Structures are given as C-alpha cells and as structure tokens.
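Please take a moment with the sequence and the fold before reading on. The paragraphs below go from a few single positions in loops to the interior and then back to the chain as a whole.

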Amino acid sequence: MKTKIQELLWPVTCPFCGKINQNGVCLSCTKKVEALLIRGPRCLKCGKPVRYKEQEYCYDCTHIWHHYDRGISLWVHREPVSMSIYRFKYHNQRFYAGFYASKIVQEHGVLIRKWNPQVIVPVPLYPKRRRKRGYNQAEILAVEIGRILGITVAKKMVERVQNTRPQKMLDNRKRKQNLERAFVVRTASLKLKSVLVIDDIYTTGATIDAVARVLKDVGVQKVYFLTISIGQGY
Ligand SMILES: [Zn+2]
Ligand SMILES: [Zn+2]
C-alpha cells in the first residue's frame with residue numbers, strides 16, 4: 001500500500017476508475033467489482049466461473065491438458081478490473097498489489113491454506129523486460145500475499161531464460177510453442193510437495209502451465225496457481 005508520504009503527495013484514487021476518492025475504491029466501482037468476484041460454480045481445474053453447478057470443468061479444461069493441478073482467481077477479467085490491472089502492470093501503480101493481496105486472501109485464504117504451499121513462485125519476467133518496466137508485477141503481488149499468509153516467496157526459483165513474444169498476438173498452439181523453453185528451475189534441491197504459482201492474469205493458462213511443467217520436472221508434487229483475474233468459462 002501507499003506510504004504516509006505518498007499519501008501526502010498524491011491524493012488517494014480509486015484503484016479501478018482512477019478517480020480521486022479518499023476511501024479508495026469508489027461506490028460505483030465497488031458495485032461493479034463485487035459482481036465480478038468468482039463465487040458461483042467454477043471449473044475444478046482452472047477456477048473459471050462456469051454456467052451450471054453440474055459442470056465440473058470449463059470448455060477449455062475439457063479440451064486442453066494442464067500441467068498445474070488447480071487454480072483460483074479473484075475476479076473475472078472485465079472492466080473495471082482489466083483497466084486496474086493494466087495500470088498496475090504498465091503505469092507503475094505497484095502499490096495496488098497490497099490491495100489485491102488483501103482481497104485475494106479475504107476471498108480465498110482458506111483454500112490457499114488447504115493447498116498448503118511450502119513456497120510461492122511468482123511468474124518471472126525476462127530480465128531485460130523487467131529492467132525496462134522496473135518491477136515484476138507478479139512478484140510484488142506474491143510478496144504481499146506471502147507476507148499476509150506467512151509463506152516464503154521464492155523469487156529466484158524459476159527464471160525466464162527466453163524473451164518470448166507477447167502472448168496476446170498468438171493463438172493457443174502458438175502460445176504453447178512460444179513458451180516451450182522459456183523457463184528453467186534454478187534452485188531445485190528441495191523436495192517440494194506443494195508450490196503456489198502467482199501471476200496477474202490467466203488467459204489460456206499457457207504461461208502458468210509452462211512454469212508448472214518445469215516445476216513438476218524437478219519433482220514438485222502439486223502445483224497450484226493464483227491470479228488476480230481470469231476469463232469467463234463456458
Ligand atoms: Zn472507481
Ligand atoms: Zn477450466
């Protein structure tokens with residue numbers, strides 16, 4: 001969250017619409033964002049909201065094999081959540097991480113504790129891209145969540161060794177190929193039973209899968225994921 005000095009220099013703004021609001025999230029955004037929380041029936045694999053209770057998996061998860069075991073996200077990736085994450089990622093609004101983390105733990109803390117991860121692994125950025133941006137948004141979110149739940153964040157366990165093309169330009173198959181040799185595990189000496197991978201957005205799951213695959217290759221038994229937002233399932 002913002003420090004006292006930041007609060008004095010900059011007025012408090014709503015993390016969704018960006019308008020000045022002394023209480024943080026404004027009333028209009030509170031309503032919109034509440035409706036985007038994932039509380040109803042959801043996919044047993046990726047956690048996307050699904051239409052019917054009887055439906056175990058979303059359309060994607062019945063057709064695509066995932067390396068991770070299960071995951072959960074806080075919101076459906078729609079306005080005003082998508083704009084908030086955009087500013088968090090590209091416009092240096094890194095203090096949003098504290099807000100997202102407390103919301104995530106409030107909604108899904110019980111589930112995360114049940115998964116019992118020994119470490120949290122943020123999805124790494126390629127070093128050059130990280131230098132350019134100045135920070136890795138997944139890492140600062142991971143640090144905030146780790147702090148609240150008292151779980152170690154292993155920032156250097158997985159490294160991104162290839163500067164991949166932006167995923168949004170590619171289809172499903174190409175996304176997978178693009179990430180095939182993107183990640184390596186650097187510190188694999190520990191016998192880990194459960195790891196929680198954290199990223200900002202889940203789109204097709206290709207990035208999280210690529211990280212999960214290298215973790216499973218070194219013997220991690222269970223890989224879970226957590227993201228701020230995810231697409232709607234069918
Ligand atoms: Zn607002
Ligand atoms: Zn799914």
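Does Asn116 count as buried or exposed, and how many C-beta neighbours does Asn116 have inside 10 Å? In this predicted model, Asn116 has 12 C-beta neighbours inside 10 Å, and because a residue with 12 or fewer is classed as exposed, Asn116 counts as exposed. Its place in the chain is the loop between helix 5 and strand 2, the latter running over residues 119-122. The backbone of Asn116 also deserves a look, since its phi is near 50°, a positive value in a residue other than glycine.

Asn92 can be read in the same manner, for Asn92 is not a glycine and yet has a positive phi of about 65°. Asn92 sits in the loop between helix 4 and helix 5 (96-115), and with 11 other C-beta atoms within 10 Å, Asn92 is exposed. Between Asn92 and Leu44 there are 34 Å from C-alpha to C-alpha, while in sequence the two are 48 residues apart.

Two further loop positions complete this part of the tour. Pro80 belongs to the loop between strand 1 (70-76) and helix 4 (81-90), and the peptide bond leading into it from Glu79 is cis, with omega near 0°. Gln22, for its part, lies in the loop between helix 1 (4-9) and helix 2 (27-34), where it counts as exposed with 8 C-beta neighbours inside 10 Å. The C-alpha atoms of Gln22 and Pro11 are separated by 7.4 Å, and the two residues are 11 apart along the chain.

From the loops we turn to the interior, and to helix 9 in particular. This helix covers residues 206-217, and its 12 residues reach 16 Å from the first C-alpha to the last, close to the 16 Å expected at 1.5 Å a residue. Helix 9 is mostly covered, with 9 of its 12 residues buried; among them are Ala206, Ile208, Ala210, Val211, Val214 and Leu215, and the buried set also includes Thr207 and Asp209. What lies over these buried residues includes strand 2, strand 4 (158-160), helix 8 (172-179), strand 5 (183-185), strand 6 (194-202) and strand 7 (222-230). After helix 9 comes Gly219, whose phi is positive, near 105°.

How does helix 9 meet its neighbour, helix 8? Two packed helices are described by the angle between their axes and the distance between the axes. Here the axes of helix 8 and helix 9 come within 9 Å and cross at roughly 35°, and the crossing is right-handed. Helix 8 brings Arg175, Lys176 and Leu179 to this contact, and helix 9 brings Ala206, Thr207 and Ala210.

Leu179 is worth following a little further, since it is found in helix 8 and counts as buried, with 22 C-beta neighbours inside 10 Å. Leaving aside residues up to four places away in sequence, Leu179 touches Thr164 as well as Ala206, Thr207 and Ala210. By contrast, the C-alpha atom of Leu179 is separated by 23 Å from that of Val153, a residue 26 places away along the chain.

In soluble globular proteins, nonpolar side chains tend to be buried together. In this model the largest nonpolar core has 59 residues, of which Ile120, Val121, Leu141, Val195, Val197, Ile198 and Val211 touch the most other members. Helix 9 gives the most to this core, with 7 residues. Val121 shows what such contacts look like: apart from residues up to four places away in sequence, Val121 touches Ala154, Met157, Val158, Val195, Val197 and Val211.

Finally, step back to the chain as a whole, which has 9 helices and 7 strands. Its radius of gyration is 17 Å, close to the 17 Å that the globule rule gives for 234 residues, so the chain is as compact as a globular protein of that length. Along the principal axes the C-alpha trace spans about 50 × 45 × 35 Å. Of the 234 residues, 38% count as buried, and among contacts between residues at least 6 apart in sequence, 73% join residues at least 24 apart.

Methods
Residues numbered from 1 in each chain as written. Chains lettered and ligands numbered in written order. Predicted model: local features only at pLDDT ≥ 70, side-chain atom pairs only at ≥ 80, totals over all residues. Helix = DSSP H or I, 4+ residues; strand = E, 2+ residues; numbered from the N terminus. Buried ≥ 20, exposed ≤ 12 C-beta atoms within 10 Å, placed from the backbone. Expected span 1.5 Å × (residues − 1). Contact = placed C-beta atoms within 7 Å. Core = buried A, V, L, I, M, F, W, Y, C linked by C-beta atoms within 7 Å. Rg over C-alpha atoms; globule rule 2.2 N^0.38 Å. Axes fitted to C-alpha atoms, helices over the stretch in contact; angles between N-to-C directions. Left-handed = near helix turned anticlockwise from the far one by under 90°.
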